[in-house]
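Hi,

Here is the structure I said I'd pass on. Have a look at it first, and then my notes follow underneath.

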Amino acid sequence: MNTVEQAIEKLDYKGYLDIEIPKGIDLIAEINKLKKEKNAVILAHYYQTGEIQDLADYLGDSLQLARAAAKTDAEMIVFCGVHFMAEAAKIVNPTKKVVLPDTKAGCSLADSCSAEGLRGLREQHPNAIVVSYINCDAGVKAESDIIVTSSNAEVIINSLPKDQEIIFAPDRNLGRYLNQVCNRQMILWDGACMVHEAFSLERIAQQMVENPKAKLIAHPEAQEDLLKFAHFIGSTSRLLDYVVEDDATEFIVATEEGILHEMAKLAPNKKLIPALVQDESCNCSECFYMKLSTLEKLYLCMKYELPEIQIEEELRVKALAAINRMLELSEKIK
């Protein structure tokens, strides 16, 4: 059994506090108690497990959580998501403590782009501005002029002069989609999300045959061939709104399966079908990283206020400028 000191020593290696929790403890009650004691706020992404979504003070997509992080009065921000999201919360809240239940909760898309690589691409296109999807690390944000989310990207791209050369990073699928809907020719970084690239068009086509009344809805990070068949394409929050508001009663949902938890709560009478992936041994698309957060890790993270997110100040200030530009340009978006 690890002592607290031993667990802290192993934190960089493990990514979380590996401490045994007493049997029989009511984790939900203890987490709620710690929130009050520490003036903490829990921010959770829609792709987290259902039990963590239900505990969150703020549940949302990247844009909604970025706004919540920027406005909170809490002394400690507990981010249930992936590392770049917690980093973004720290960037906009330098004086607040930001903790993440497991620092190994990374992102395949964020890993596909480096600050050095983006600088090199910018040197090849000196007249271009860099617009980066929020799914990137602080170094890439610092090299960017504007950050966007899938909720606000179209509005922000359309706000830029039509003759402005743009480098878009790191998601090529989202960038390709934006080029089409915004009538642009942005230079695209060659990155992608492994979850949204895992969908099988062939298996989804079969799902559509078996469920003829169902509408296929998809996130713009999905591959182009899939998006061509979608009845609706939108960010995580817009997919949720569409399911609630549309007259259809059945939906095939092509994004990370965690969103189905909130969809089922807000539209309990509608049939929700997770889109199938290429791996036939798996029936739905889960982000391994998003599911690293557990109630146990969340409890220990709040109790000991570790792991804590730290960012070097010069880097933080540079990244903040791009995030603030996003928040300014997307004020009118829900």
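Cys193 sits in the loop that runs between strand E8 (187–188) and helix H12 (201–210). This is a predicted model, by the way, so please read everything below in that light. With a relative accessibility of 10%, Cys193 is under the 20% cut-off and therefore counts as buried. Beyond its neighbours within four places in sequence, Cys193 is in contact with Ser108, Leu109, Asp171 and Glu221.

I looked at Cys193 because the unreviewed UniProt entry puts it under a "binding site" annotation, together with Cys107 and Cys287. These three are spread over 181 residues of sequence, yet they cluster in space, with a largest C-alpha distance of 9.5 Å. Cys107, Cys193 and Cys287 are also included in the lining of the largest cavity.

Cys287 is in a loop too, between strand E12 (271–274) and helix H16 (295–304). Is Cys287 buried or exposed? Its relative accessible area is 12%, so Cys287 is buried. Again leaving aside neighbours within four places in sequence, Cys287 touches Val195 and Glu256.

Now the sheet that E12 belongs to. Four strands make an open, parallel sheet, in the order E10-E9-E11-E12. Strand E10 (232–233) and E12 are at the edges, each pairing on one side only. E12 pairs in the parallel sense with strand E11 (residues 250–254), over four bridges, and Ile252 stands opposite Ile273 in E12. H12, the helix after the Cys193 loop, lies across strand E9 (215–218), E11 and E12, and runs at about 175° to E11.

Last, the packing. In soluble globular proteins, nonpolar side chains tend to be buried together. Here the largest nonpolar core has 98 residues, and Val131, Leu178 and Met263 are the ones that touch the most other members. Which helix gives the most to this core? That is helix H6 (residues 83–92), with seven residues. Met263 has contacts with Ile217, Leu239, Leu240, Val243, Val253 and Leu272, not counting neighbours within four places in sequence. Another core lies apart from the largest one; it has 24 residues, including Ile42, Leu55, Val78 and Leu298.

If you open just one view, I'd start with the three annotated cysteines, Cys107, Cys193 and Cys287, and the cavity they help to line.

Cheers

Notes: Residues are numbered from 1 along each chain as its sequence is written. This is a predicted model: local features need pLDDT of at least 70, side-chain atom pairs count only at pLDDT 80 or more; totals for chains, interfaces and linings use all residues. Side-chain values use heavy atoms; hydrogens and water are left out. On a 1 Å grid over the protein atoms alone, a cavity is a set of points where a 1.4 Å probe fits but cannot get out, and a pocket is an open set with protein on both sides within 12 Å along at least five of seven lines; lining residues have an atom within 4 Å of a point. Helices (H or I, at least four residues) and strands (E, at least two) are DSSP runs, numbered from the N terminus. Buried means under 20% relative accessible area, exposed over 50%, partly exposed in between (1.4 Å probe, protein chains only). Contact means heavy atoms within 4.5 Å. A nonpolar core is a set of buried Ala, Val, Leu, Ile, Met, Phe, Trp, Tyr and Cys residues joined through side-chain atoms within 4.5 Å. Two strands pair if DSSP finds at least two bridges between them. Axes are lines fitted to C-alpha atoms, for helices over the stretch in contact, and angles run from 0 to 180 degrees between N-to-C directions.
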